[in-house]
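Open the model in your viewer and set it to cartoon. This tour tells you what to select at each stop and what is there.

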Amino acid sequence: MDDFRAARERNGSAQDLVLELPSDVRSIQQAVEYVVQNCGHCHESGHKLNLNLRVGLTEALANAMVYGNGHDPEKQVRIEVTMVGGAVTARVTDEGPGFDPASVPDPTEPANLRKSGGRGLFLMRQLLDEVSYNEQGNSVTLVLRVEEEASLEGGASA
């Protein structure tokens, strides 16, 4: 039933998960659930992790599979998750040519309200504490600080 390969690594005080998925959007839910279930902070971090990380990671994976890899079943998406201190960092990398995130129009601007592009990037930026891309634009790093559940700083509340 597993549509992906997963590995767990210990790196000093950090705990890492590495997953490789086919470019098949049907594998996203299972992969996100696997990350959340195997995240050391998840059980203590309730809403922020269960909403913000799930949605952000889902959007990043969908973008990597659909836009990055162009639904190509021969291409993989790699997820690297590190849990250290009070933060969860997830890097999602596809095998596509990359893109310039600054070129994606803001979906909240009146001229773009009826256009479909940019909503996933917008959601990631709103729900996570940090969102950054590599120079090529084929890898996004998501950071969620989970120390202060009550305040939900840097992310939206449910």
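**Stop 1: a loop contact**

Select Thr-108. Leaving aside residues up to four places away in sequence, Thr-108 touches Leu-113 and Phe-122. Keep in mind that this is a predicted model. Thr-108 sits in the loop between E4 and H3. Its relative accessibility is 44%, so Thr-108 counts as partly exposed. Now draw a distance from Thr-108 to Phe-122, C-alpha to C-alpha. The two are 14 residues apart in sequence and 8.6 Å apart in space.

Move to Leu-113. Leu-113 lies in the loop between strand E4 (87-93) and H3. Is Leu-113 buried, partly exposed or exposed? Leu-113 is partly exposed, because its relative accessible area is 49%, and the partly exposed class runs from 20% to 50%. Show its contacts next. Not counting residues up to four places away in sequence, Leu-113 touches Pro-107, Thr-108 and Arg-119.

**Stop 2: the whole chain**

Zoom out and colour by secondary structure. The protein has 3 helices and 6 strands. Trace the elements from the N terminus: β-β-α-α-β-β-α-β-β. Then colour by accessibility. Of the 158 residues, 40% are buried. What share of the contacts between residues at least 6 apart in sequence join residues at least 24 apart? The share is 61%.

**Stop 3: helix H3**

Select residues 119-127, which are helix H3. Show the side chains. Gly-120, Leu-121, Met-124 and Leu-127 are buried in H3. These residues lie on the same side of H3, because they cover an arc of only 145 degrees around the axis. Look down the helix axis to see this.

**Stop 4: strands and hairpins**

Select strand E3 (residues 76-84) together with E4. E3 and E4 run antiparallel and are joined by 7 bridges. Find Val-84: its bridge partner in E4 is Ala-87. The two strands form a hairpin with 2 residues between them. Click on Gly-85 in that turn; its phi is positive, about 60 degrees.

Keep E4 and add E6. E4 and E6 are antiparallel as well, paired over 7 bridges. Thr-93 stands opposite Ser-139 in E6.

Now add E5. Strand E5 (residues 130-133) pairs with strand E6 (residues 139-145) in the antiparallel sense, over 4 bridges. Val-131 stands opposite Leu-142 in E6. E5 and E6 also form a hairpin, with 5 residues between them. Which residue in this turn has a positive phi? Gly-137 does, at about 85 degrees.

While the strands are on screen, turn on side chains. In a regular strand, side chains alternate between the two faces of the sheet.

**Stop 5: the largest pocket**

Switch to a surface view. The largest pocket has a volume of about 430 Å³. Of the 24 residues that line it, the closest to its centre are Asn-63, Tyr-67, Gly-68, Phe-99 and Leu-121. Select those five to find the spot. Leu-121 is familiar from Stop 3, where it was one of the buried residues of H3.

Which elements each supply at least two residues of the lining? They are helix H2 (46-68), helix H3 (119-127) and E6. H2 gives the largest share, 6 residues. Finish by colouring the lining by class. The lining has 11 nonpolar, 10 polar and 3 charged residues.

Definitions and conventions:
Residues numbered from 1 in each chain as written. Predicted model: local features only at pLDDT ≥ 70, side-chain atom pairs only at ≥ 80, totals over all residues. Heavy atoms only, no water. Pairing = 2+ DSSP bridges. 1 Å grid on protein atoms, 1.4 Å probe; cavity = no way out; pocket = protein on both sides within 12 Å on 5 of 7 lines; lining within 4 Å. Points joined across faces, edges and corners; volume = space filled by probe spheres on them. Nonpolar A, V, L, I, M, F, W, Y, C, P; charged D, E, K, R; others polar. Buried < 20%, exposed > 50% of the residue type's maximum accessible area, 1.4 Å probe, protein only. Arc of directions from axis to C-beta. Contact = heavy atoms within 4.5 Å.
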